[in-house]
Amino acid sequence: MSSEEAAAPTKTSTDEDGMSWWYRWICKLAGVLGGISCATMGIWNCVTVNPLNIAAGVWMVLTACVLFLCEVPFCCQFVEFANVVAARADRLKPWQKALFYCGMALFPVFLKFSITTLFGNAIAFATGVLYGLASLGKKGDAVSYARLQHQKQGDEEKLTGTTDGSVP
C-alpha cells in the first residue's frame, strides 16, 4: 500500500452536503424527467398565436436546458461549457438548487397559467422540492430524541422546584 492510498480519506456513504448516493440519483433522475417534461410541454406551448403562451414555452425550454446542463452534463457533451456549468452546479448547496429550480419552474406558471405550463413544470418543481428536503438534513434517531426529552423534563423540574416558593 502506497503513501497516497494511506493518506486518502475514506469516503462514506454521504458527501459534504449530507445527501446519500441513492438520494442524489433520485434527484438527478427527477431533474432529467423534469427536463424532458419541460421541453416537450414548452414546445407544445409555443404552437400558438398567444404571445404569453410563446414566452412561457420558451422559458420552459430554457428551464429544460438548464436542468440538463446542471443534472446530466453528458447529454450536452457537444456544448463546450457544459462541464463547467455542471461543476459549478455541483458546488451549490441543496437549498440553493431548490430555490433555483422551483423559481424557474414557477415563472411560466405565473406568466400564463394553463394545463401545459402546470403539468410541464410539475416535475421540475418536484426536483426543487427534493433538493429542498435534502437541505433539511437527516432525520434524528429515536434514542437521541428520547434523551433530549428526558433532559428537557429534568430541566423543567429543576426550574419549577426553585421558583414555586417552597424550600427544597
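## A nonpolar patch on the surface

Let's start on the outside of this predicted model. Six side chains, those of Leu-106, Phe-110, Phe-125, Val-129, Leu-133 and Leu-136, form a nonpolar patch on the surface, and together they have about 600 Å² of accessible area. Two elements, α5 (94-111) and α6 (115-136), each give two or more residues to the patch. Helix α6 has the largest share, with four residues.

Phe-125 is a good residue to click on here. Its place is in helix α6, and with a relative accessible area of 32% it is partly exposed. Residues of a patch must have over 30% relative accessible area, and Phe-125, at 32%, meets that cut-off.

## The overall fold

Stepping back, the protein chain has seven helices and zero strands. Its pattern along the sequence therefore reads α-α-α-α-α-α-α. Of the 168 residues in the chain, 29% are buried.

How much of the contact pattern joins residues at least 24 apart? Among contacts between residues at least 6 apart in sequence, the share is 63%. As for the outer surface, the chain exposes about 11,600 Å², and carbon and sulfur atoms supply 69% of that area.

## Three salt bridges, one network

Now to the charged side chains. A search of the whole structure finds three salt bridges. One of them pairs Lys-28 with Glu-71, where the closest N and O atoms are 3.7 Å apart. Lys-28 belongs to helix α2 (residues 21-46) and Glu-71 to helix α3 (residues 51-71), so this pair ties together parts that are 43 residues apart in sequence. Both Lys-28 and Glu-71 are buried.

Lys-28 also forms a salt bridge with Asp-90, with 3.9 Å between the closest N and O atoms. Because Lys-28 lies in helix α2 and Asp-90 in helix α4 (residues 82-91), this pair ties together parts 62 residues apart in sequence. Are these two partners buried or exposed? Lys-28 is buried, with a relative accessible area of 18%, whereas Asp-90 is partly exposed at 48%.

Asp-90 has another partner: its side chain meets that of Lys-97 in a salt bridge (3.9 Å, N to O). Lys-97 counts as buried, at 7% relative accessibility. Put the pairs side by side and you can trace a network of salt bridges that links Lys-28, Glu-71, Asp-90 and Lys-97.

## The nonpolar core

Which residues have the most contacts inside the largest nonpolar core? This core has 16 residues, and those with the most contacts inside it are Met-19, Tyr-23, Cys-27, Tyr-101, Ala-124, Leu-130 and Tyr-131. Helices α2, α3, α5 and α6 each supply at least two residues of the core. Leu-130 shows some of the packing in detail: leaving aside its neighbours within four places in sequence, it is in contact with Tyr-23, Ile-26, Cys-27 and Ala-30.

Met-19 is worth a look too. You will find it in the loop between α1 (3-7) and α2. Met-19 is buried, with a relative accessible area of 2%. Its C-alpha atom is 6.4 Å from that of Ala-134, although the two residues are 115 residues apart in sequence.

## A buried asparagine in α2

Asn-45 is another residue to pick out in helix α2. With a relative accessible area of 5%, Asn-45 is buried. What does Asn-45 touch, not counting residues up to four places away in sequence? The list is Asn-53, Ile-54, Ala-56, Gly-57, Met-60, Ser-114, Thr-116 and Thr-117.

## What the UniProt record adds

Finally, a word from the database. An unreviewed UniProt entry carries the annotation "transmembrane region" for residues 21-44, 56-86 and 98-115. You can set two of these spans against the model.

Over residues 21-44 the chain is 100% helix and 0% strand, with the end C-alpha atoms 35 Å apart. The span of residues 56-86 is 68% helix and 0% strand, and its end C-alpha atoms lie 25 Å apart.

Methods:
Residues are numbered from 1 along each chain as its sequence is written. This is a predicted model: local features need pLDDT of at least 70, side-chain atom pairs count only at pLDDT 80 or more; totals for chains, interfaces and linings use all residues. Side-chain values use heavy atoms; hydrogens and water are left out. A salt bridge is a side-chain nitrogen of Lys or Arg within 4 Å of a carboxyl oxygen of Asp or Glu. Buried means under 20% relative accessible area, exposed over 50%, partly exposed in between (1.4 Å probe, protein chains only). UniProt positions are given in the numbering used here, feature names are shortened, and annotations may be inferred rather than shown by experiment. Patches are made of residues with over 30% relative accessible area and no salt bridge: like charges are joined within 9 Å, nonpolar side chains (Val, Leu, Ile, Met, Phe, Trp, Tyr) within 5 Å. Accessible areas come from the Shrake-Rupley method with a 1.4 Å probe; for residues, only the protein chains shown count as cover. A nonpolar core is a set of buried Ala, Val, Leu, Ile, Met, Phe, Trp, Tyr and Cys residues joined through side-chain atoms within 4.5 Å. Contact means heavy atoms within 4.5 Å.
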